[in-house]
Amino acid sequence: MSREQASLTELLLRLDSPELRQVEQVRAELNQLLSTDRGGAVVSSLVEYYLDSSSSQAVALLSSIREPHHKVLLEKLNESLNRPGSRLETVTLLGHLVRKQPPWVHQISRLPLLSTRVRCLKTDADVLVLVSALLVLVTLLPMIPQAGKQHVYDFFDVFGRLTSWSYKNPGQAAAAHLLHLRAGVYSLFHRLYGMFPCSFMSYLRLHYSMKENLDTFQEVVQPMLGLVRLHPQLVTGTQDYELDPSRWRSYEVHDIVMECSRLSLDPLESSCED
């Protein structure tokens, strides 16, 4: 280990000191390092430190990352997400960062991290990973509405897979975990219906016309459809229009969230209107 790396490691070990003054001093030193040519190494070390410790101080520092170091951060998260042993911690960290809405968050849709996370949702069998990754996706969707046609279809596949998974419970997940997964699937339904109604309804018709999916439709999806208003775009819109990235140019994140909530007949889902 180089002297510089040893010094950085020592700083990180003091980051969660019970002494507030020492924590503030360490944060100031790390912020100073982030503004130097060592910034990328500091970002990578902060991610590894969080994965080992779940440090809230590390989250605070990583949330303040600005360009160009955000690329190092997203690459490091992608690398960590590909390691099964650190997947849950990585998804948890990504959730913390996304909820802060950093200025570079929209760039996630153009980087491998999004595809890696979608692949995780399509294939992982760990219910805790699935719940965490699903909640991140629900939060992220209004921030990346221009993600592109292929990603949107991937989101539909995630819905189809997790709807079935939450109903049939092939992993024999605990009841509490299954409840959280079902809540996440329900929230994803509202996002996809609110943002891409024509394409989403087309997917539902195709996917649930298959005999093996009929039970899941009747028990899970049909009740969801009973809790939303008719989307105006189902009358006046087209799939091409709603998948056109230019459609979203005048929308802020909160505008999209509000549009989705207004379509809900469920008082819990629509409560953000108030």
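**Entry 1. Helix α6**

I began just past helix α6, where Gln-101 follows the helix and has a positive phi, near 50°. I noted at the outset that this is a predicted model.

I then took the length of α6. The helix has 13 residues and reaches 18 Å from its first C-alpha to its last, close to the 18 Å expected at 1.5 Å a residue.

Next I asked which residues of α6 are buried. I found Arg-87, Thr-90, Val-91, Leu-93, Leu-94, Gly-95, Leu-97 and Val-98. I looked up what covers these buried residues, and the cover includes α3 (39-53), α4, α5, α7 and α8.

**Entry 2. Helix α7**

I moved on to α7, one of the helices that cover α6. Helix α7 runs over residues 112-123, and its 12 residues should span 16 Å at 1.5 Å a residue. I found its end C-alpha atoms 17 Å apart, which agrees.

The buried residues I listed in α7 are Leu-113, Leu-114, Thr-116, Arg-117, Val-118, Cys-120 and Leu-121. They pack against α5 (69-81), α6 (87-99), α8 (127-140) and α9 (149-168). So I have the packing of α6 and α7 from both sides: α7 is among the cover of α6, and α6 is among the helices that α7 packs against.

**Entry 3. Two buried residues**

I picked Leu-62, which sits in helix α4, residues 56-63. Is Leu-62 buried or exposed? Its relative accessible area is 0%, so I wrote it down as buried.

I looked for its contacts, leaving out residues up to four places away in sequence, and found Val-43, Leu-46, Val-47, Leu-73, Leu-93 and Leu-97. Leu-93 and Leu-97 had already come up as buried residues of α6.

For a long-range distance I took Leu-62 and Phe-200, which are 138 residues apart along the chain. Their C-alpha atoms are separated by 35 Å.

I then turned to Ser-80 in helix α5. Ser-80 counts as buried because its relative accessibility is 0%. With residues up to four places away in sequence again left out, Ser-80 touches Val-47, Leu-51, Ser-86, Arg-87 and Thr-90. Val-47 is thus a contact of Ser-80 and also of Leu-62.

**Entry 4. Salt bridges**

I searched the whole structure for salt bridges and got 8. I reminded myself that side chains of opposite charge can pair when their charged atoms come close.

Arg-83 forms a salt bridge with Glu-48, and the closest N and O atoms are 3.4 Å apart. Arg-83 lies in the loop between α5 and α6 and Glu-48 in helix α3, so this pair ties together parts that are 35 residues apart in sequence. I checked how open the two residues are. Arg-83 is partly exposed, with a relative accessible area of 31%, and Glu-48 is also partly exposed, at 25%.

Arg-83 meets Glu-79 in a salt bridge too, at 3.2 Å from N to O. I found Glu-79 partly exposed, with a relative accessible area of 40%.

The next pair on my list was Arg-87 and Asp-124, whose side chains meet at 2.8 Å from N to O. Which parts does this pair tie together? Arg-87 lies in helix α6 and Asp-124 in the loop between α7 and α8, so the parts joined are 37 residues apart in sequence. Arg-87 is buried at 18% relative accessible area, and Asp-124 is buried at 11%. Both values fall under the 20% cut-off for buried.

I also noted a network: salt bridges that share partners join Glu-48, Lys-76, Glu-79 and Arg-83.

**Entry 5. A surface patch**

After the buried residues I looked at the surface. I found a nonpolar patch of about 300 Å², made by Leu-230, Leu-234 and Val-235. Val-235 is in helix α13, residues 233-236. Its relative accessible area is 62%, so I entered Val-235 as exposed.

**Entry 6. Domains**

Last, I looked up the domain assignment of the chain. It gives domain 1 as residues 1-83 and domain 2 as residues 146-273. How many Å separate the centres of the two domains? Taken over C-alpha atoms, the centres are 36 Å apart.

Definitions and conventions: Residues numbered from 1 in each chain as written. Predicted model: local features only at pLDDT ≥ 70, side-chain atom pairs only at ≥ 80, totals over all residues. Heavy atoms only, no water. Helix = DSSP H or I, 4+ residues; strand = E, 2+ residues; numbered from the N terminus. Buried < 20%, exposed > 50% of the residue type's maximum accessible area, 1.4 Å probe, protein only. Contact = heavy atoms within 4.5 Å. Expected span 1.5 Å × (residues − 1). Domains from an automatic or database assignment. Patch = residues over 30% accessible without salt bridge, like charges linked within 9 Å, V, L, I, M, F, W, Y side chains within 5 Å. Areas by Shrake-Rupley, 256 points an atom, 1.4 Å probe, with all protein chains shown as cover. Salt bridge = Lys/Arg side-chain N within 4 Å of Asp/Glu carboxyl O.
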